[in-house]
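Biologist: Could you walk me through this one slowly? I'd like to hear the reasoning behind each label.

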Amino acid sequence: MKPLGPIPPGYVTIDGELAVAGHKASELVAIAGSTPVFVYSAAHIERRVARLREAMPERLALHYAVKANPFGPVVDLLDPLVDGFDVASGGELSILQGRSVAAERISFAGPGKRDTELEQAVGAGVTLNLESAGEADRALAVADRLGVTPRLAIRVNPDFDLKGSGMKMGGGAKPFGVDAAEVPALARRVIASGAEWQGFHIFAGSQSLDSAAIAETQAATLDLAARLASEIGQALPHCNLGGGLGIPYFPGDEPVDLALVGSRLADAFERLPEILRETRFCLEMGRYLVGEAGIYLTQIVDRKASHGEIFLVVDGGLHHQLAASGNFGTVVRRNYPVAIASRFDSPVEEQASVVGCLCTPLDRLADKAGFPKADVGDLVAVFCAGAYGASASPAQFLGHGPAVELLV
Ligand SMILES: *Cc1c(COP(=O)(O)O)cnc(C)c1O
């Protein structure tokens, strides 16, 4: 039998069923009107932000990286809770504009910004995190055309990586950001152009559970920011320290030690060099804020045996859960936390695999794991579905379309 990932804390049983915000799984499905459905817990997200605020130095601002979960009601919930939003496309920016998020609270990073996206962002007064000198030229030309002063920051490709990071976004040759050595010259050019100079965005990686490595990376990021600001020769207005905080998805994963990361950052803030004394710092996070707050509920439509193995075939699949199926940036497929939601307090009775409804062997949500005996009509829950589920899966594949989403 293969182990399942750890179920995040905070999930309870009512009448034998998994429950979120006082609603049993069967009630959540009734509210949604159909399966599969993503259910996001508002209380879980609020608690998460509160814990971060408690652990982190007061001077640190918190930003939400919209790509993790751009669902409108989630954005609305986070709007008063976080200090800013980070988008990675004109489409995400449109979502925020549609929810009336103030442009001064938004920054836009991401390679390959089109001129239409630059116009949308510069026109609205959003901060652009410039990914290259070429993009700086295009942004300045767009601002000229529109007759506005652009708010510009430079995304720095740091000369280091976040250790234990699931997705490396810095160190060595990268399509993201401007190599650290090139930053001072570009920054001087941006400042000389009359743009509103916003500072740096330094993102070294994502999904790390190594608390000491996160703290070291943040310290190295502050050193780099100080060095670059000194070379530019003026105090740095703003510095986005990236994110990097991961969540446990797989067997054996342990959560980040927030207290350790927070106290090390507080120490580093105490020792800031003069040139960073007045700098406003932020962390940008997607999955850490919303990942564990979401579950994906899907119904078993068939139970079958093949060569002695049990398959529970559900009406959802990798078209909503690409990462849980092991096909989004993982090398070795391991099981996410998955449970029979309609028998949440029942003991393990058999080994089974949960497979999706797509006609591909890739569509597997749990492989040879232990479950209570489940049958057609039972509900399966995939946990850690609040981030990069609906937003990072090929919903159109095989014509199934998106799942319903629900914030409770
Ligand atoms: C993806 C991304 C994030 C969010 O990463 P999480 O792992 O969801 O916290 C933040 N900033 C940038 C620049 C990103 O590309």
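**Why each label fits**

Modeller: Let's start with Asp 367, which is buried, as its relative accessible area is 8%.

Biologist: Why is Asp 367 called buried?

Modeller: Buried means under 20% relative accessible area, exposed means over 50%, and partly exposed is in between (1.4 Å probe, protein chains only). Asp 367 has 8%, so Asp 367 counts as buried. Before we go on, this is a predicted model: local features need pLDDT of at least 70, side-chain atom pairs count only at pLDDT 80 or more, and totals for chains, interfaces and linings use all residues. Residues are numbered from 1 along each chain as its sequence is written, and side-chain values use heavy atoms, with hydrogens and water left out.

Biologist: What is the mean pLDDT of the chain?

Modeller: The mean is 96, and 98% of the residues reach 70 or more. That score is the predictor's confidence in each residue, from 0 to 100. Among the elements of the chain, strand S21 (residues 379-382) has the highest mean pLDDT, 99, and strand S10 (residues 167-168) the lowest, 56. Where pLDDT is low, the predicted coordinates should not be read in detail.

Biologist: What makes S10 a strand?

Modeller: Helices (H or I, at least four residues) and strands (E, at least two) are DSSP runs, numbered from the N terminus. S10 covers residues 167-168, so S10 meets the minimum of two.

Biologist: Back to Asp 367: what makes its pairing with Lys 2 a salt bridge?

Modeller: A salt bridge is a side-chain nitrogen of Lys or Arg within 4 Å of a carboxyl oxygen of Asp or Glu. Here the N to O distance is 2.4 Å, so the pair qualifies. The two partners come from distant parts of the chain, 365 residues apart: Asp 367 sits in strand S20 (residues 364-371), Lys 2 in the segment before strand S1 (12-14).

Biologist: Is Lys 2 buried or partly exposed?

Modeller: Lys 2 is partly exposed, because its 40% falls between the two cut-offs. Salt bridges that share partners also join Lys 2, Arg 364, Asp 367 and Lys 368 into one network.

Biologist: How many salt bridges are there in the whole structure?

Modeller: A search finds 19. One of them pairs Arg 105 with Asp 79 at 2.4 Å, N to O. Arg 105 is in the loop between H4 and S7, and Asp 79 is in the loop between H3 and strand S6 (84-87), 26 residues apart.

Biologist: Why do Arg 105 and Asp 79 get separate labels for burial?

Modeller: Arg 105 has 22% relative accessibility, so it counts as partly exposed. Asp 79 has 19%, which is under the 20% cut-off, so Asp 79 is buried.

Biologist: What about Glu 131: why is Glu 131 called buried?

Modeller: Glu 131 has 4% relative accessibility, so it counts as buried. You'll find Glu 131 in the loop between strand S8 (127-130) and helix H6 (133-146).

Biologist: Which backbone atom lies 2.5 Å from a polar atom of the side chain of Glu 131?

Modeller: That's the backbone nitrogen of Gly 110. Glu 131 touches other residues too, including Arg 155 and Phe 176; touching, or contact, means heavy atoms within 4.5 Å.

Biologist: Which residues have the most contacts inside the largest nonpolar core?

Modeller: Tyr 64 and Phe 200, in a core of 109 residues. Helix H8 (residues 211-232) gives this core its largest share, nine residues. A nonpolar core is a set of buried Ala, Val, Leu, Ile, Met, Phe, Trp, Tyr and Cys residues joined through side-chain atoms within 4.5 Å. In soluble globular proteins, nonpolar side chains tend to be buried together.

Biologist: And how is the chain divided?

Modeller: Into domain 1 (12-40 + 292-407) and domain 2 (70-285), with bounds that come from an automatic or database domain assignment. Their C-alpha centres lie 34 Å apart, and 13 residues of domain 1 are in contact with 11 residues of domain 2.

Biologist: Last one: what makes Gln 120 partly exposed?

Modeller: Gln 120 has a relative accessible area of 23%, between 20% and 50%, so partly exposed is the label. Gln 120 is found in helix H5 (residues 115-124).

Terms used
A polar contact is a pair of N or O atoms within 3.5 Å; within protein, one must be able to donate a hydrogen and the other to accept it, and residues adjacent in sequence count only if both atoms are side-chain atoms. Lists of a residue's contacts leave out its neighbours within four places in sequence.
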